Structures are given as structure tokens and as C-alpha cells.
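Colleague: I am new to this structure and should be grateful for a guided discussion of the terms used to describe it. May I ask for the reasoning behind each of them?

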Amino acid sequence: MEKIKIVIGVIGADVHAVGNRILEYAFSSAGFDVTNLGVMVSQEEFIAAAIETDADAILVSSLYGHGELDVRGLRDKCDEAGLEGILLYIGGNIVVGKQLFIEVEKRFKKLGFDRVFPPGTPPEVDIYFLKKDLGTLTDSEREAGREIEQHIINTEEDHASSSSD
Ligand code: B12
């Protein structure tokens with residue numbers, strides 16, 4: 001079976017490198033074909049790499065709080081470049097400070113992201129959803145996924161309650 005191809009990187013002027021390396025390791029170990037653009041990646045670089053590698057998904061990281069500005073227009077640029085329908089995920093610390101995650105998720109979905117992950121999401125969760133969205137889950141992975149889906153619900157509830165403290 002052909003490997004799932006993904007492009008990962010940290011967008012904008014963001015230099016936070018550790019999570020990016022962890023994601024590269026986790027996705028490569030899980031059998032994905034990973035193109036890692038590293039830190040300080042522009043929208044154009046994500047798009048060029050996705051075209052060059054015929055990627056199934058672009059996973060954007062943002063840690064330093066400027067994520068919302070940095071990703072504006074990315075979906076439109078993907079469409080214009082012929083990447084209509086490519087999966088777009090984002091994760092990290094994507095907004096400034098603590099905000100109600102459900103609201104943050106809504107805003108980023110409006111910006112064209114298919115999935116938005118709260119801070120501290122473990123790589124196995126990202127891997128599960130990517131396989132789910134691309135329709136490549138095995139029966140045992142689908143079974144194990146019930147726990148992961150529950151984890152997401154719990155995390156959303158945690159973020160909701162911690163933001164209203
Ligand atoms: C180390 C660090 C730095 C180092 C980075 C060194 C380096 N080259 O990596 C230095 C000192 C340079 C730095 C600088 C700054 N930092 Co800093 N930094 C951190 C710190 C302490 C740890 C980051 C880290 O390595 N985490 C460990 C990794 C494993 O976790 P992670 O990055 O979150 O990634 C995981 C998940 O988020 C997830 N994930 C990440 N991306 C994606 C993408 C997708 C699609 C998915 C599914 C999942 C996913 O998977 C990853 C692996 O498990 C955090 C605080 C914290 N505890 O997170 C602050 C933090 C990220 N920094 C912060 C800030 C504000 C800055 C500065 C702006 C400070 C300043 N005023 O100068 C600058 C920005 C510089 C720049 N241009 O980027 C803030 C951001 C706040 C916000 N978003 O509102 C944080 C949260 C600290 C805080 N609590 O205020 N920083």
C-alpha cells in the first residue's frame with residue numbers, strides 16, 4: 001500500500017522546533033511519508049512542498065500566538081494552486097493565551113482547516129484522525145479510536161472549564 005504523504009512545518013516567524021521534530025518522528029514511525037519543512041515556514045513553502053510531493057495533507061504548527069494571522073488565506077491559496085480538498089490540520093498553541101477551545105476551533109475551521117487540535121494533543125491522536133479522514137483505519141485502529149475520540153471530548157471540556165476559571 002502506498003504511504004500517506006504529509007507536509008509538516010511551523011508557520012510564520014515561529015522558531016519553536018521541538019514539537020515539530022516530535023511530530024516528524026511520530027508520523028515517520030507510524031509509516032507516513034513525511035516532508036518536514038522545519039520552522040519559519042511561509043504559506044507558499046507549504047503549498048510548493050505539497051505540490052512537489054503530491055501530499056495528502058498539510059499539518060501546520062503554530063506555537064508563538066500569531067497563528068491566526070499567519071494562516072489567513074492559506075486555504076484560498078491552496079485552492080488557487082490546484083490543491084482543492086487537501087486536508088489542512090493545525091495544532092500547537094495557536095492563539096494568544098488561554099481561550100475557549102471550542103471558539104478557537106470554530107474560527108480556524110472558518111479559515112479553512114479541516115481539524116484543529118488543542119495544545120498538548122499527543123501525536124497518536126493526530127495520527128488516528130489523519131487515518132480516519134483518509135479512510136485508511138484498520139478495524140483494530142477504529143476500535144482503539146473510541147478511546148481517542150473520548151480523549152478529545154474530555155480535552156475540550158478541560159479547556160472549556162479552565163478558560164472560564
Ligand atoms: C522552548 C520554548 C521557547 C524557545 C524555543 C526554542 C526552540 N528553538 O524550539 C524560545 C526561547 C526560543 C522561545 C521563544 C518564544 N516563545 Co516560547 N516557549 C517555549 C516552551 C517553554 C516550550 C515549547 C516546547 O518545546 N514544547 C514541547 C513540545 C513537545 O510541545 P509543542 O511544541 O506544543 O508541540 C506538541 C503539540 O503542541 C502538538 N502539535 C504541535 N504542532 C502541531 C500541529 C498539528 C497539526 C498537530 C495535530 C499537533 C501539533 O504536537 C507536538 C508534539 O507532541 C513553551 C511553553 C510550553 N510549555 O509549551 C513556550 C511558548 C510556546 N512560547 C511562547 C512565547 C510567547 C514565545 C515568544 C513570543 C516569547 C518572546 N516574547 O520572545 C518567543 C517567540 C519566538 C519565535 N519567533 O518563535 C508562549 C506562546 C503563548 C501563546 N501562544 O499565546 C508559550 C506557550 C509560553 C507561555 N506559556 O507563554 N520559546
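**Reasoning about the fold and the ligand shell**

Modeller: Read along the sequence, the protein runs β-α-β-α-β-α-α-β-α-β-α-α, with 7 helices and 5 strands. Please note that this is a predicted model.

Colleague: Why is the sheet called open, and which strands are its edges?

Modeller: The strand order is E2-E1-E3-E4-E5, with parallel pairing. Strand E2 (33-36) and strand E5 (115-116) each pair on one side only, and these are the edge strands.

Colleague: How do you know that E1 and E3 pair?

Modeller: Two strands count as paired if at least two bridges are found between them. Strand E1 (residues 5-10) and E3 have 5 bridges, in the parallel sense, and therefore they pair. Val-7, for instance, has Ile-58 in E3 as its bridge partner. Helix H1 packs on this sheet, where it touches E1, E2, E3 and E4; the direction of H1 makes about 170 degrees with that of E1.

Colleague: What makes the radius of gyration agree with a compact globule?

Modeller: For 165 residues, such a globule would have a radius near 15 Å; the protein has 15 Å, so the two agree.

Colleague: Which residues come nearest to the ligand, and what is the make-up of its shell by class?

Modeller: Of the 28 residues around the ligand, Val-18, Gly-19, Ser-61, Gly-65 and Gly-91 come nearest. Helix H1 (18-29), strand E3 (57-62), strand E4 (87-92) and helix H6 (123-133) each give two or more residues to the shell. By class, the shell has 16 nonpolar, 10 polar and 2 charged residues.

Conventions. Residues numbered from 1 in each chain as written. Predicted model: local features only at pLDDT ≥ 70, side-chain atom pairs only at ≥ 80, totals over all residues. Near = placed C-beta within 6 Å. Helix = DSSP H or I, 4+ residues; strand = E, 2+ residues; numbered from the N terminus. Nonpolar A, V, L, I, M, F, W, Y, C, P; charged D, E, K, R; others polar. Contact = placed C-beta atoms within 7 Å. Axes fitted to C-alpha atoms, helices over the stretch in contact; angles between N-to-C directions. Rg over C-alpha atoms; globule rule 2.2 N^0.38 Å.
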